[in-house]
Amino acid sequence: GPFLVKRWFGRRLTNRRIDMVTRKKRVKKGEYPEPLTGPAYIEPEYEAWVHAMNGERRGIVSLSGKVFSKELRKDILHRNVVYEANKERGWSHKQTKNRGEIRGSTRKPYRQKGTGRARRGTMRAPHHVGGSKAHGPVQRDMTTKLPRKVIKLGKMITIAERYRENNFFVFEDFKLPNPKTAAVAQLLKRWGWDSVLFVLEQESTDRNFELACRNLPNVDTSTPYTFNVKTALNREKVVFSLKSVGQMQEYLERERPIMSAISPKTYELAQPESSSPSGRPNDEEVEGKLQTDSV
């Protein structure tokens, strides 16, 4: 009827008006839209004092905003802690024998009826003396898997959170003349620390400092590639050396960590046998080779 036509016509008009108002203007050939203007993105600056072991300030080191600007995410930290705890458990080696592994005969001890005793089909049943163990422990792998990006994100969040709590420190180096525990204990007393994680540089020459920390409670050492989220959260302070900070930032900013980065190898390019700069044989060499082949 006419009512339906009028209603359809009104709805069509309304939709058309909305389309005409909201549609984008066509850009003519040779014309370009005006660029968006606004303040340029500036990466936030993060800095830290570089201290000597005696407490003197030696300078300031700039830190990466990609690493130290991460916000706290407890779910990521929880996944990393569970992953590392399961990794420490490793493989379960405990195992008991089931009824198929117990040494002994498989025959029926005595007949089914007529003896007055309970029926018995095997001598290796778990409810008899000398039998197997029912539902005993078995060997199994306790480790779990976690994406590589989640592992790196957990390390970034841990370092950034320690930085915001003013529990992040950078030392110039960790050099000691002798591996004496008293030297590290005096260092902790000078700074007023009770729980510390020292992050040494990869392939560190500060072996004396690492040995001196072994006999102290609540003091751990690691490297940028063996940095542990669980250990860092259990310690109140995280102390890096100047070189280990650079190695840690380089490792975390890398898109995909290379396993050979832990023990890098140097490769030498083979020199070309040809005397030409491009490595290809020139015309004189080709002619000489043809003459020798013909002879």
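This passage describes the fold, the nonpolar cores, the aromatic groupings and several individual residues of a predicted model.

The protein comprises 295 residues, of which buried residues make up 31%, and its secondary structure consists of 9 helices and 8 strands. Among the contacts with a sequence separation of 6 or more, 68% are accounted for by residues 24 or more positions apart. The mean pLDDT of the protein is 80, and a value of 70 or more is reached by 72% of its residues. Over residues 1–15 the pLDDT is below 50, and this stretch has 0 contacts in the model beyond near neighbours in sequence. Residues 260–272 likewise have a pLDDT below 50, although in this case the model shows 8 contacts beyond near neighbours in sequence. Where pLDDT is low, the predicted coordinates should not be read in detail.

The largest nonpolar core has 22 residues, and those with the most contacts inside it are Leu63, Ile159, Phe168, Phe227 and Phe240. Two or more residues are given to this core by each of several elements, namely strand 1 (46–51), strand 2 (57–63), helix 2 (65–68), helix 4 (148–164), strand 5, strand 6, strand 8 (237–241) and helix 8. Of these, helix 8 gives the most, with 4 residues. A second core, separate from this one, contains 18 residues, including Trp193, Leu200, Ala212 and Val239. Within the largest core, the surroundings of phenylalanine 168 can be followed in some detail: when residues up to four places away in sequence are not counted, phenylalanine 168 touches Ala48, Leu63, Phe68, Ile159, Arg162, Tyr163, Val238, Phe240 and Val245.

Aromatic residues were examined next, and the count of aromatic pairs comes to 17. One of these is formed by phenylalanine 174 and phenylalanine 198, whose rings are arranged edge-to-face, with 5.5 Å from centre to centre and 80 degrees between the planes. The pair links distant parts of the chain, since phenylalanine 174 belongs to the loop between strand 5 (168–171) and helix 5 (181–191), while phenylalanine 198 belongs to strand 6 (residues 196–199), 24 residues apart. Both phenylalanine 174 and phenylalanine 198 are buried, and both are members of one aromatic cluster that is formed by Phe169, Phe171, Phe174, Trp191, Trp193, Phe198 and Phe209. An aromatic ring also takes part in an arrangement of another kind, in which the charged end of arginine 57 sits over the ring of tryptophan 49, at 4.3 Å from its centre.

Glutamine 247 is located in helix 8 (residues 242–253) and counts as buried because its relative accessibility is 19%, under the limit of 20%. A polar atom of the side chain of glutamine 247 lies 2.8 Å from the backbone nitrogen of glutamine 202. When neighbours within four places in sequence are left aside, glutamine 247 is in contact with Glu201, Gln202 and Pro224.

Two further positions bring together parts of the chain that are separated in sequence. Arginine 140, in strand 4, is partly exposed, with a relative accessible area of 47%. Although arginine 140 and histidine 93 are 47 residues apart in sequence, their C-alpha atoms are 7.4 Å apart in space, and arginine 140 is in contact with Gly90, Trp91 and Ser92 when neighbours within four places in sequence are left aside. Threonine 96 lies in the loop between strand 3 (91–92) and strand 4 (140–141), where it is partly exposed at a relative accessible area of 30%. The C-alpha atoms of threonine 96 and alanine 134 are 8.9 Å apart, with these positions 38 residues apart in sequence numbering. Outside its neighbours within four places in sequence, threonine 96 is in contact with Glu101, Lys133, Gly136 and Pro137.

Finally, the backbone conformation of two asparagines is considered. Asparagine 166, which is not a glycine, nevertheless has a positive phi of about 60 degrees; asparagine 166 lies in the loop between helix 4 and strand 5 and counts as exposed, because its relative accessibility is 60%, over the limit of 50%. A positive phi of about 60 degrees is also found at asparagine 218, again although the residue is not a glycine. Asparagine 218 is placed in the loop between helix 6 (207–212) and strand 7 (219–222), and at 43% relative accessibility it counts as partly exposed.

Note on methods:
Residues are numbered from 1 along each chain as its sequence is written. Side-chain values use heavy atoms; hydrogens and water are left out. Buried means under 20% relative accessible area, exposed over 50%, partly exposed in between (1.4 Å probe, protein chains only). A polar contact is a pair of N or O atoms within 3.5 Å; within protein, one must be able to donate a hydrogen and the other to accept it, and residues adjacent in sequence count only if both atoms are side-chain atoms. Contact means heavy atoms within 4.5 Å. Rings of Phe, Tyr and Trp (its six-membered ring) pair if their centres lie within 6.5 Å; planes under 30 degrees apart count as stacked, over 60 as edge-to-face and the rest as tilted. A charge sits over a ring if NZ of Lys or CZ of Arg is within 6 Å of the ring centre and within 35 degrees of the ring normal. A nonpolar core is a set of buried Ala, Val, Leu, Ile, Met, Phe, Trp, Tyr and Cys residues joined through side-chain atoms within 4.5 Å. pLDDT is the predictor's confidence in each residue, from 0 to 100.
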